Amino acid sequence: MAEIDYDALQRLADAATEGPWVNYSPNPKTTREQAIYSEWLETTPEARSSEIAALLTPKDAEFIAASRSAIPALLDRVRELEAERDAALSTIAKVEALHQETACEVDCCGAQPMCSECGVRGIWPCETIRALGSVPSTG
C-alpha cells in the first residue's frame, strides 16, 4: 500500500469548498451525467457557481460528494488511533523496562534465569513479557 501523507491530505481538505457536498443531475431528462453541488457556494456572493464538478458518472459523483465529509472524519480517526497506539507502545516499553532478564544469585539455583521484577526463579521470559509477545533485551 502506498504511504499516505495525512498532513497534505488534511491541507487539501481544509482548502476545499466547505461541505457537505451533494451530487445532483443538472439535466435529469436529457443526461445521466451528475454534478457536485455545494450549498455553501450558493450563499457565497463571490462564487460564480454552486457546482464543484460537472460531467461525472453517477457513481463518481456520489463518491466525490461523500468524500468531502468522509476524508476529514477519517483523518481525525487515524490521528486518534495513532495516539492510542503510541500510548500503548509507551506503556509496553515501560513494562519491558521493569521486566528484565537477570540471573538468580542464590546458591541453590545455579544462576538460573529469572525476571528482575517478578522474581520467579528459573522462568524467563516471565508471564508478563510472554503476554506482551516480546522479549526485551537483557538489562
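## Contacts and the overall layout

Contact here means heavy atoms within 4.5 Å. With that settled, a look at the whole chain: this is a predicted model, and the protein has 4 helices and 5 strands. Read from the start of the sequence, the elements come in the pattern α-β-β-α-β-α-β-β-α.

Of the 139 residues in the protein, 21% are buried. As for how far the contacts reach, take those with a separation of 6 or more: 35% of them join residues 24 or more positions apart.

## The sheet

Three of the strands belong together. They make an open sheet of 3 strands in the order β1-β2-β3, and the pairing is antiparallel. The edges are taken by β1 (21-24) and β3 (51-56); each has a single partner strand, so one side of each is left without a neighbour in the sheet. Going from one strand to the next, the twist averages 20°.

For a closer look at one pairing, β1 and β2 (residues 34-38) run antiparallel to each other over 4 bridges. If you want a spot to start from, try Tyr24, whose bridge partner in β2 is Ala35. Helix α3 also comes in here: α3 packs on the sheet and touches β1, β2 and β3, with its direction at about 170° to that of β1.

## Where α1 meets α3

Helix α3 has another packing partner. Two packed helices are described by the angle between their axes and the distance between the axes. For α1 (residues 6-15) and α3 (residues 58-98), the angle is about 145° and the axes are 10 Å apart. The crossing of α1 past α3 is left-handed.

Who does the touching? From α1 come Tyr6, Asp7, Leu9, Gln10 and Ala13, while α3 brings Arg68, Ile71, Pro72, Leu75, Val78, Arg79 and Glu82. Sorted by class, this contact has 7 nonpolar residues, 4 charged ones and 1 polar one.

## Gln10, seen up close

Gln10 sits in helix α1 and is one of the residues that α1 puts into the contact with α3. Is Gln10 buried or exposed? Its relative accessibility is 16%, and buried means under 20%, so Gln10 counts as buried.

Set aside the neighbours within four places in sequence, and the residues that Gln10 is in contact with are Leu75 and Arg79. Both of these are on the α3 side of the helix contact.

## Three salt bridges

How many salt bridges turn up in a search of the whole structure? The search finds 3. One of them joins the two helices just described: the side chains of Asp7 and Arg79 meet at 3.4 Å, N to O. Asp7 lies in α1 and Arg79 in α3, so this pair ties together parts that are 72 residues apart in sequence. Asp7 is partly exposed at 47% relative accessibility, and Arg79 is partly exposed too, at 31%. Arg79 therefore has a salt bridge to Asp7 as well as a contact with Gln10.

Another salt bridge pairs the side chains of Arg77 and Glu80, at 3.0 Å from N to O. Here both residues belong to helix α3 and are 3 residues apart, about one turn of the helix. Arg77 has a relative accessible area of 40%, which makes it partly exposed, and Glu80 is partly exposed at 43% relative accessibility. Then there is the salt bridge of Arg85 with Asp86, where the closest N and O atoms are 2.8 Å apart. Arg85 is partly exposed with a relative accessible area of 43%, and Asp86 is partly exposed with 40%.

## Cys104 in its loop

Further along the chain, Cys104 lies in the loop between β4 (101-103) and β5 (113-115). Being in a loop doesn't put Cys104 on show: its relative accessibility is 5%, so Cys104 counts as buried.

One more distance can be checked from here. Cys104 and Gly119 are 15 residues apart along the chain, and their C-alpha atoms are separated by 8.4 Å.

Definitions and conventions
Residues are numbered from 1 along each chain as its sequence is written. This is a predicted model: local features need pLDDT of at least 70, side-chain atom pairs count only at pLDDT 80 or more; totals for chains, interfaces and linings use all residues. Side-chain values use heavy atoms; hydrogens and water are left out. Axes are lines fitted to C-alpha atoms, for helices over the stretch in contact, and angles run from 0 to 180 degrees between N-to-C directions. Helices (H or I, at least four residues) and strands (E, at least two) are DSSP runs, numbered from the N terminus. A crossing is left-handed if the near helix is turned anticlockwise from the far one by less than a right angle, and right-handed if clockwise. Ala, Val, Leu, Ile, Met, Phe, Trp, Tyr, Cys and Pro count as nonpolar, Asp, Glu, Lys and Arg as charged, and the others, Gly among them, as polar. Two strands pair if DSSP finds at least two bridges between them. Buried means under 20% relative accessible area, exposed over 50%, partly exposed in between (1.4 Å probe, protein chains only). A salt bridge is a side-chain nitrogen of Lys or Arg within 4 Å of a carboxyl oxygen of Asp or Glu.
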